[in-house]
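Work through these exercises with the model open beside you. Try each task before reading its solution.

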Amino acid sequence: SCCPAGPVTFRRERTACLHRHAQPLSRRANSRRRLHTLRAQKQERSEAVLDLDAPSTSTPHHMAKAQEVYRTADAGIPQATSSTSNSLAELAASNPAGLATAAAALGLTTFGLVKLFNKGSRSYSNNVGQEYDAWTEEGILEYYWGEHIHLGVYSEAERAAGYTKKDFKQAKYDFIDEMLRFSGAPPNPQSILDVGCGFGGTSRHLAKKFPGAQVKGITLSPKQVERGTELAKEQGVPNASFQVMDALAMSIPDNSYDVVWACESGEHMPDKKKYVEEMVRVLKPGGTLVIACWCQREETPDKPFTDREREELQFLYDEWAHPYFISIQEFERLMKGTGKMEGIVGEDWTPQTLPSWLHSIWVGVVDPWIVISKGPRIWYKTIREIVTLVRMHKAFESGLMEYGLIRGAKLPDGSMTWSQQEAQKEPVAASQ
């Protein structure tokens, strides 16, 4: 019929004919196999979504969801590829109801992630050392922030020109120099204690600036001590050393240091009063204590925190292992309350430090490759960090948070304590 030629030609044409007729059947079989595969993948994704929302008996609900997302990311499930796009197109053509179900599942997953990002994932539980160990080992923080895990400073002119025009890491060195100027420390200190030193950027900078001084940095993170010591050797800074030590119970004798320096460590302290008292204890008479710290605004009867503000503060506590924040004024009161300090001054440095939050995101946008190379788990963690950086920026910009600098000098031996001075002033004021 379709092959009316001779025997040889007939066999050749018959084979070609059969092949042509078989092609539609093969395509239909392949289509069925692809649809079966898509349905199986859809079932796996649905189970993963259901698993994500499953409550845990051993961890809080939001923590369980965070852990599930980390496991899902490690398994490589949430990957956007061209094959995924093709699969969705095939699913739309072959099964519109399935596509609608997939869209609903995606919507539920998105809703779950929004809820997830509204809850802190690393609440304080004596875990500060472990968190900084992890950050140090990952290397991302050091890659972007350099040797200094603290905010930078931007002059009024630099803010007007745009923060991206300033080198992000240089802003941190500038901050150290400005904090030193603010402290009023003597020009040639012989001993400096860096409380909460990170991996020692400030310690090494001060050791280079004051080569005649012995600078010790203390931290709860063994990995930071290891990295700080390594960098000090690489840079030839023999007068900087590092030790694992609890700032609330320092194994340091009284009256040991000319300068006690605490830059962005108070946020992690579960007992702010003990934190200040310990630093005052190891400070020499006449020595300088200077603190830089993220502070929440002073709450007063006339201006209490709203429910929304409390909710936002709770997120900021719980995302980066902070037990709680206090105000600049409360730090001043704690310093005065020791009875051993004078010349106490607190200042709000929010305007000159505010650009740091968004600048830290910008440096990752223009150079994302280290994050990309780390894989899905770090991608997820980095997204959380970006969300938190934006929320920190908003909290400081709105006045809910303030960047506090507080300084004071320890009274010389034989001097009256602050409380005695105040007690003497009170009768005079009353008589007037």
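**Exercise 1: Salt bridges in one helix**

Task: Find the salt bridge that joins Arg281 and Glu278, and say where the two residues lie.

Solution. This is a predicted model. Start with the side chains: Arg281 and Glu278 meet in a salt bridge, at 2.7 Å from N to O. Next, place them. Both residues lie in helix α11, three residues apart, about one turn of the helix. Now check exposure. Arg281 has 21% relative accessibility, so it counts as partly exposed. Glu278 is buried, because its relative accessible area is 6%; the cut-off for buried is under 20%.

Helix α11 (residues 272-282) also holds Glu277 and Lys273, four residues apart. These two form a salt bridge, with the closest N and O atoms 2.6 Å apart. Glu277 is partly exposed at 28% relative accessible area. Lys273 is partly exposed too, at 47%.

**Exercise 2: A bridge between helices**

Task: Which parts does the pair Glu142 and Arg227 tie together?

Solution. First, confirm the salt bridge: the closest N and O atoms of Glu142 and Arg227 are 2.7 Å apart. Then locate the ends. Glu142 is in helix α6 (residues 140-145) and Arg227 is in helix α10 (residues 222-235), so the pair ties together parts 85 residues apart in sequence. Glu142 counts as buried, at 18% relative accessibility. Finally, extend the search: Glu142, Arg227 and Glu230 are linked in a network of salt bridges. The whole structure has 20 salt bridges.

**Exercise 3: A buried serine**

Task: Is Ser203 buried or exposed, and what does its side chain pair with?

Solution. Ser203 sits in helix α9 (residues 201-209). Its relative accessibility is 0%, so Ser203 counts as buried. Its side chain makes a polar contact of 2.8 Å with the side chain of Asp194. Beyond neighbours within four places in sequence, the contacts of Ser203 include Cys197, Val215 and Phe242.

**Exercise 4: Core and surface**

Task: Which residues touch the most other members of the largest nonpolar core?

Solution. The largest nonpolar core has 56 residues. Phe175, Trp294, Trp357 and Tyr403 touch the most other members. Helix α8 (residues 168-183) gives the most to this core, with seven residues. Apart from this core lies another, of 30 residues, among them Val260 and Ile406.

Now turn to the surface. Trp362, Val365 and Val366 form a nonpolar patch there, with about 290 Å² of accessible area together. Val366 belongs to helix α15 (residues 355-366). Val366 counts as exposed, because its relative accessibility is 51%.

Note on methods:
Residues numbered from 1 in each chain as written. Predicted model: local features only at pLDDT ≥ 70, side-chain atom pairs only at ≥ 80, totals over all residues. Heavy atoms only, no water. Patch = residues over 30% accessible without salt bridge, like charges linked within 9 Å, V, L, I, M, F, W, Y side chains within 5 Å. Areas by Shrake-Rupley, 256 points an atom, 1.4 Å probe, with all protein chains shown as cover. Salt bridge = Lys/Arg side-chain N within 4 Å of Asp/Glu carboxyl O. Buried < 20%, exposed > 50% of the residue type's maximum accessible area, 1.4 Å probe, protein only. Polar contact = N/O pair within 3.5 Å; in protein donor to acceptor, adjacent residues only side chain to side chain. Contact = heavy atoms within 4.5 Å. Core = buried A, V, L, I, M, F, W, Y, C linked by side-chain atoms within 4.5 Å.
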